[in-house]
Every structure is written in C-alpha cells, then in structure tokens.
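Got the model open? Let's go through a few spots in it, question by question.

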Amino acid sequence: MDYTHLKKSLFLLLWVCLVHLSFGQQKEKVLITDLTKITQTTRHQISPDGSQVFYVKNHIAVTGDETYEYKAQIWKTELKAPFLSMPVTSSDYNVSSFELSPDGKLLAFTRVKDGKPQLYILPTAGGESQQLTKEKNGASNPVWSPDSKKILFSVTLPIWAIEGTPDWQQPRPGRSYGDEPNYKAIQAGMSTEEIKPNPDGSLEELRAYLAKNNSKNDPKVIDRLNFLGELDLNPELNFSHLGIVDVSEGTTEIITQGFQSFFGATWSPDMRSILASSLFNEIHPDESNTTEVWKIDLSNKKATKFFGLENYRIGNPTFSPDGKWIAVGGQNVEEPSYNQSMIGVLKADGTGFKWLTEVLDRSVSAPTWTSDSQNLYFTGASNGGFYLWKAVLASGKVDPIISGQVGVSSFDLVGQKLVYSLTTVEQISEMFLADQNNRNPQQISRWNESWLAGKKVSKPTFHTLQTADGFEIDYWVMPPVDAKEGVKYPTILNMHGGPSAMWGPGEFSMWHEFQVMAAKGYGVVYANPRGSGGYGKAFQKGNFQDWGDGPASDVLAALDKASEEYSWIDKDQYFLTGGSYAGYLTAWIVGHDHRFKAAFAQRGVYELTFFLGEGNAWRLVPNHFGYPWEEGVKEIMDYNSPQTYVQNIQTPLLIKHGDQDLRTGVRQSELLYKSLKILGKPVEYVRYPGEGHELSRSGAIPRRIDRMARIIEFFERYVTHPN
C-alpha cells in the first residue's frame, strides 16, 4: 500500500494546525474596552489561623450590549498551593467595609439595604448572610470586639437630629440656634413643637414658613464654609457617631453623642473603652482641621480627650496585640499641603508618645502591627513606587520591605505570613504571599493574567534630570507598541494632578490609559515635577506660589530630554494632556508654549480666584498661595492663572468637565472654553452629564470608555502616523 499521499496529507494538516496555533498565539494590543477586564483586590485580611485571606474583589461585569456594572464582592483564597479562590458574598449586591471576627468564625460587612448601608454577618464556613442592623440613618465600618460577641459601627447623624445646641455661634448672621422650628426634626418624628407657618403672620410664624421651605431644600439655605459636596450642594452639617450591636441579641446602642464626630474607632483589649478620632468643636467644624484621640468609657458612655498635639491632626488609633502600645496617624496642619502624614506610637495609658516615621520624610498610612507587637508595617508613595515599610518599635529603625517602582496597594500580616496586592507593568493588582521580610514571594492570584497573556504592553524606562534650580526630576518613557527601528512616532506628554500626586510604573489607575496610548501608536512621557508627593516636604513645597513656571519647566524638560535620548520620538508631533491640577497645567503650558499639535485639558482649574469661590478643594488656594486679599497674593494668583494667558493659546484644545464636578468647579471650564471661542481659537468642549471629578476612575463605565476614545480621536485629527 502506498502511504505517500497519506503522509503528504498528514504533513499538510499538521502544518496548517501549527500555523493556526502560531497565529492564535499572536498577541494583541491593549484596547480601550479592556478597561472592563481589569480586576483589583483591596482590604486584605488574613484569617486568625493564617489559612486564608479574605478581600474585596473589585471588577466590572458586562451585563449587556454596552451596559456594565461595578462589582465589589468578598472573596477568599487558600494560603497554600494550589491557592484555591472562591466567592464569599453574592454577586447580586456590592459590599464595602468588612472585618473578620477575632475567632475567625464570622464575617461582618456593609451592604446597602433600602437605600441605607447596614451591617450583615456571614459564617466563614459558609451559609446565608444575616442582616444585623436596621438603623434609620444607616450603619457602616464594622469593628469586632476582642471576644467576637459585639460589633462597633459608625452612623451618620444630621445636626438637626442631635439634642441641644452647639457651643459655636449660629453661622446665620443675626440669628441664634433655637429661634425657629426644626422642621426636619418634625418630619422625622423627633419633635412635636410646631408654630403654624404663615408668611403674613408674626415673626415666629414667618420664620416657621421659611424653615418649612428650607426643610424641603426649596430653597437651600447655605450658611456653611464647606457648602459643596462632590456632586451637589451639601449645606447640611452631619456628625459621625458610634454604636455597638450585640451579635447574639441583635440589640444596638448608640454610645456617643453631641456636636462632634467620632470615627476611626477601635476597642481596647479589655473591652472597657473605645478609642476614636474626634474633636470637641468649640468653633464651627468647617473652621477646624485638627483632630485628637478620644476615649469613650463603656461603663457610663462618657467621652473624654485621651491624646492630642497642638496644630496636629491625630487619629485612627490601633492597639498593639499585647495591648501595651497604640499606633496613631498624624500630620502637622500648619502647612497641610506640604507636611507629611506620619505614624507615631504611645503607651496604652496615653504617655510616652514618639513619632516613628518623621525621619522618613514621606507621607505614610495604614499602620499594621506584627503579632509580637514589636513592629509596625505601613505603606506610602516614594520615588515613583508605592512602598511597604517596617518600623521597629524599640529602635525606631525604618526599613523598606517592598520598594522600587512597583505599587503595594493593600496588605495584611498574621504570624509570619504577609499577603499584599502588587501592581507592576506586567501584573495588575495581583496578590502575593511571603514571609514578613518578603522572602520567597509566591503569586496567589491570577485575576488579570489570562487576558493580559494575550496582550502586548509597552514597558516604561526610568530616567532622571537635574533642574537649574536644584531639583531632581524622575520621568519615564514608554515607546509605542510595535515601534520599528528608524521610524519616528508621535508622543504624548501625560501629566498628573494633585498637585501632590505621584506617578510611577506601579500606579494602578493610569495603567490602562498609558497602554491604550502606546497601543494606538503614540509614545508616552510622564514625570513627577516639583510639587509631587513621594519625594519629601522640600520637593513637595517646590511649587509654593508657583503652579505654572516651575512644574511646567520640569515636565517640558522631561519631554526634551526624552527626545534627545530616543530617536523614535517625532519632535514635530507632540501632544499634551492631564486632569485636575494637570488640566490646569495643560492650559498653562499651551498659553506659553506652542510646540504641541493638540492638547486635552481635563476637569481643570484655570482661574485661581474663581477657584477659591467655586471648588470644594478651595483650600488648595490659601495653602499654596495665600488669600487674594492679602498683600501681593492677588498678583501672584493672577500670574499663575492660565486664564490670564488665554489670548496666547494657539494649540487646538479639547476641554472636558463633568456636569456635577464640584471639586474643581464646572464654571472653570466654561470660562476657558467661552474665552477661546470668543477669540476664534480651535477649541471643543465636552460635558459629561451626572459626573463628578472622579469620572476617569469611578464614573459611569460607558462614559469612561467615551472619555478615553475622545482623547485618541481628538489627537488623531492632528497626527500623522508613520506608514
């Protein structure tokens, strides 16, 4: 029998299969819609026996054609190979804060029920969740008692629901507390005293008529300094108070009261008291930015000041496992935009305070005790990375456990086990297990690995430059995906906001945007100019009364240096973008420099005096410049306002803002757009309905996709890509 033909057929079939397999393995570029594939894990907590880690899995569920939902679901992963993972809560609802009981048997978490957050418990061994609270004003932030029998929680109360009158002066001029009926209390059934509303009656009846209208927010009467929320006017003053629920009985009791907030609370090891962040408000809360540690005696519910420092914000106390020490966070508020957030410790009786991280000169947070009470672990931004540090209690020595240009976003410790979430260019928010010194780390999650395995990513290269006035600036350069030797490519200078934010390869929120730009054929340059966090107070204060000239020269120098170092950068095809403060910097640069083919200014601030009045982030103005009525300050603010130079803008500009962005104020973008339109400049304006300042990070998912697509489309109008 002649097998020649059969052999040829089999060989041809094998070749076709190999070719098909080869083509099937070819990697694709990152897409705009890949945004919906990214998973992040947060709030990690290792079980007391060290066998499992519980965490919140944050992802986007595709529910239909261009319809999506954010999901926040509790999962757990076994801390031994093969590191099996499984959901703990249902995907039908989202959870926020959660905590394991000290005995490891129950999980307490917060979910929304009938429009209010409430506490639920769930056996860690499996079973149905049980609603634990039915608070009228909601309940959140569960904290278990050491004996696993009770849960401390937070509740938010409006000022009208609190008995008595505040110690500070009524902010409405010419009025005093108690001279009008409290109609919101009446509507809530908390008050029975009522004067008949009548606009034509007595003064008391006239005031009752106006109070009734105000109680319906028609109109809203504003008497606060901080009257802006994130998405709407927020004139009502609220206070955070603490409650305790008995898990077996289901009974609740509110343990704090008065016109002060209690938050960041913890149980004492003997369960006789609660420590919390608070401040007795002798002046209106809007006019103070300090806090102290307060103690609530559970035998009589009396709250007293436990520890504080003048001109400091002190809070978030955490007892050491042996009960001998308390860790606190703090910051000197005399220069709040520049002083670093620190971690300190004091003895359990409130004496012997010392700062542990002052020498570090970095803003740090999330202190976590080791089981032996000898060390504290904490995270913070530093030199382009998001580090994990260890401080030794006895010596005060501080060492990095995880450093470099990677990002640790969440972690926990039990015994010798360390679990953390790490972001790198190649791995987005994956979990790792190691010992306390991060020896022999093992990857224990693969949430993003499957879809990333089929993608081409652009890897940044790190550089530094020295400025003439003594600053060292870190910057990174990312080539376009599939860049060819000898070919020049358009390049985007992408800038961060804050202005004290910090970028680096481990920065989670920008991973997708950078990769999309590189996938679309653009190089990307990004930098940490003076004023950025992560480099210490002196560097962060480098932009004092200088938001424009200094930071702009830093990012432009990074672009210039990159162009000298990389022949593939087309110097005739530069593009520019940034959001928030970087929206400001985008407008500043195009008002002074005409090298860019097009620019996209996002949710920015363009007139600083205007910003003082409109945005809820208005304190950036006095913190960085002073008040405009102070001698010489108005001239400095005008000099630093991009609007001052609007007539010099030649670069085609796309301006973006959310309709309800009250952090920077939507009128800022209207002013810049209208001015450019009157001047006949090439400008386009995009307004997103229902969106605030956080559109690019947590806005409606279709709008996040639209935003990214508009950046690319606008730049494509002016780019010439190589053939």
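Q: Which helix is included in what covers the buried residues of H3?
A: This is a predicted model, and in it H3 runs over residues 203–215. Its buried residues are Ala208, Ala211, Asn213 and Ser215. The cover over the buried residues of H3 includes helix H2 (183–187).

Q: What span does H3 reach from its first C-alpha to its last?
A: H3 has 13 residues, and at 1.5 Å a residue the expected figure is 18 Å. The helix comes out close to that, reaching 18 Å.

Q: Is Asp34, the salt-bridge partner of Lys37, buried or exposed?
A: Lys37 and Asp34 form a salt bridge, with the closest N and O atoms 3.1 Å apart. Lys37 is partly exposed at 38% relative accessibility. Buried means under 20% relative accessible area; Asp34 has 0%, so Asp34 counts as buried.

Q: How many residues apart in sequence are the parts that Glu253 and Lys301 tie together?
A: Glu253 forms a salt bridge with Lys301, the closest N and O atoms being 3.7 Å apart. Glu253 sits in strand E13 (residues 252–254), while Lys301 is in the loop between strands E16 (292–297) and E17 (302–307), so the parts tied together are apart in sequence by 48 residues.

Q: Which helix holds the salt-bridge partner of Arg687?
A: Arg687 meets Glu670 in a salt bridge at 2.8 Å, N to O. The pair links distant parts of the chain, 17 residues apart: Arg687 is in strand E38 (residues 683–688), and Glu670 is in helix H12 (residues 666–678).

Methods. Residues are numbered from 1 along each chain as its sequence is written. This is a predicted model: local features need pLDDT of at least 70, side-chain atom pairs count only at pLDDT 80 or more; totals for chains, interfaces and linings use all residues. Side-chain values use heavy atoms; hydrogens and water are left out. Helices (H or I, at least four residues) and strands (E, at least two) are DSSP runs, numbered from the N terminus. The expected span of a helix is 1.5 Å times one less than its number of residues. Buried means under 20% relative accessible area, exposed over 50%, partly exposed in between (1.4 Å probe, protein chains only). Contact means heavy atoms within 4.5 Å. A salt bridge is a side-chain nitrogen of Lys or Arg within 4 Å of a carboxyl oxygen of Asp or Glu.
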